[in-house]
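Have the sequence and the model side by side for this one. We'll take a walk through a couple of its strand regions.

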Amino acid sequence: MAKKQFKAESKRLLDLMINSIYTNKEIFLREIISNASDAIDKLCYLSLTDEGVGMDREDFRIDVIADKAARTITVRDNGIGMSREECENNLGVIAKSGSYQFKDSMDPEHREDLSIIGQFGVGFYSAFMVSDEVTVITKRYGSDEAVKWQSRGADGYTVTEAERDGVGTDVIMHIKPDTDDEVFGSYLEVWKLKALIKKYSDYVRWPIKMDVEHQERFETGEKNDDGSPKYEYRMVTENETINSMVPIWQRSKTEVTDDDCIAYYKEKNHGRKDPCALVRVNAEGTVSYKAMLFIPGEQNEGVYYGDAKGGITLYSNGVMIMEKCDNLVHDYFEFVKGIVDSPDLSLNISREILQHDRQLKVIGQNLEKKIKGELEKMMKEDRPKYEEFFRNFGVHLKCGICDEYGRYKDFLRDLLIFYTSEDRQITLKEYVENMPESQKVIYYAASDSVKHAMSLPQCEQVRSRGFELIYLTSALDEMVVENLREQGGKSFCNVVTDDLGFETDEEKKAAEERDIANKEFLDFVVSSSNERVKKAKLSSKPGSLPCCLTTEGGVTLEMEKYFRYGPNEEMRSIRANRVLELNPDHAAVKALQNAYENDREKAASLTGVLLSLAEIMAGVEIEDPAAFVGQVSELF
Ligand code: ADP
């Protein structure tokens, strides 16, 4: 019988499919089962108005039959079936939805690029990724004739008459021989098929049935010596429904409690801690979807290795279309886990298409608002819980502030909390609301721990005026502040580097004049520091202490520490411009000035001591501890 040829574009796709290097071949089963499910949907819908269908809802089913000897997998449905014409139209040409994109992407540059297969679902054709021959035996509802469509791939297909009891479709896939690289035969294993059904088709509305063998204990009829019945085991085959069918997120809130959702989450996450928040959405409108999202109760180590990224799984009407969809919400919410199910999403979605999908964008934006709302609620109603959440995932929000040059900062800023000198964690908004009238700026001190930041001499002056101080404990925190720029019109003041604003203009002028008058002495301090500082000045910043270390310019001491672990030498060698600030009223500084006048050698040694003390207070490593110990010992 003459072979019919596929339409040109289908042929091309088939070629690609057959020689596919596409790694995700296992999706073929999902595609074929989804078609079966759609076909049942159609007949079920007809049965509502057409009594002739003669089927009840419970009668519909999909069977998956593996025959190892024949090396075939059959997916059988009792759906609407196809007429001869439909077979030709539907299976002879590439699926309409996919074909448009396919044609579009077939610019000459990509013609030979097999990886484009991954860019869209390919429905029925995906069977050819694992099969060397596909046979479809189908009988359309309302037709007497059954049809057999058969193809070995790109060279064409045949359509002949066939026999079939009842309406519906059998898709019989003859599995390719194993190669060195791929064991296609593994798809014939019941456990494998079961796993694939569970993974991709667990929530298909219709029962997916398979014969599954298991051991059964039975009484032999004989008795043991003690009179108890004797048992033996035998293998029995049972026809089981593999999928769970109704997804928990598809059910209404009255049917399924929040506790049920949490139990589901724990089961899926291997019984770990309760999530700290649950977001359930049932949206109807331009884009309809259901979502069940969880904010985990604990940090998953994987977060730092990237494998906990994008914990949201996408479904379309119960069919899983993407396992970890990392484009749905921005990275700052990547710790959120859960499910989004929308009938408006096509199965033909891929990570590449996803980025441009308008509907998904809308869903993503809505979900982000819901997640943020839930976090704000938690912050208001249960602060300790929020603090725990922030300990776990605050770093994602902080990174979000710095991402894309601060594009998301206004969306996220009220979710940040900072530890302050009042021994509490507050948002910047709360900080500004609590500011006394006389306070003009937001004071912060950066160091590697709260404890250390607290002990910085520069903080003393701020605290002594009754102003609250924010303690930043990482370089990332400083970048956050830099990106935020201001809060409620108030700018930030780094107590280490910036002018604290406590001096009057006259005082400032007097200080400048004092530095000029002491220029020689200050130059001496710098030159005897062996390049450890760029500048020295007399100032009130050290408070009651003799000295402190500050910086000038964009790089702070915290940033310097951060850069030290940078990827290249250039970054690792970045240094802050250090300034040694000396308190002219302190006895130690007076002693230094005295030594400068009378004994330069001693003055150099005392400079070394003060500088090391300033470094210790600033939390930076002293370059030469032995020299420091020597210098201090000489003082006795
Ligand atoms: P899509 O499902 O995206 O339309 P496919 O290539 O998977 O693309 O299928 C093409 C068409 O073939 C379907 O739209 C449907 O009309 C028909 N078809 C495929 N499988 C079946 C089936 N089991 N029963 C009835 N029709 C089917």
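Is strand β10 (residues 289–295) largely enclosed by the rest of the structure or exposed, and why? Keep in mind that this is a predicted model. Strand β10 is largely enclosed, because seven of its seven residues are buried, meaning under 20% relative accessible area. Look at which way the side chains go: Y289, A291, L293 and I295 point one way, K290, M292 and F294 point the other, and all are buried.

Now for the neighbours. β10 pairs with strand β9 (residues 277–283) in the antiparallel sense, over seven bridges, and K290 in β10 is the bridge partner of N282. The hairpin of β9 and β10 has five residues between the strands, and G285 there takes a positive phi near 155°. β10 also pairs with strand β13 (residues 337–341), again antiparallel, this time over five bridges. Here F294 stands opposite K337 in β13.

Next, jump along the chain to an open sheet of three strands, ordered β20-β22-β21 with mixed pairing. Its edge strands, β20 (535–538) and β21 (547–552), each pair on one side only, and the twist averages 30° from one strand to the next. Between β21 and β22 (residues 577–582) the pairing is antiparallel, over six bridges, with L549 opposite L580 in β22.

Two helices come up against this sheet. Helix α20 (residues 600–618) packs on the sheet and touches β21 and β22, its direction making about 70° with that of β21. Helix α16 (residues 519–527), for its part, lies across β20 and β22 and runs at about 140° to β20.

Notes:
Residues are numbered from 1 along each chain as its sequence is written. This is a predicted model: local features need pLDDT of at least 70, side-chain atom pairs count only at pLDDT 80 or more; totals for chains, interfaces and linings use all residues. Side-chain values use heavy atoms; hydrogens and water are left out. Two strands pair if DSSP finds at least two bridges between them. Helices (H or I, at least four residues) and strands (E, at least two) are DSSP runs, numbered from the N terminus. Axes are lines fitted to C-alpha atoms, for helices over the stretch in contact, and angles run from 0 to 180 degrees between N-to-C directions. Contact means heavy atoms within 4.5 Å. Buried means under 20% relative accessible area, exposed over 50%, partly exposed in between (1.4 Å probe, protein chains only).
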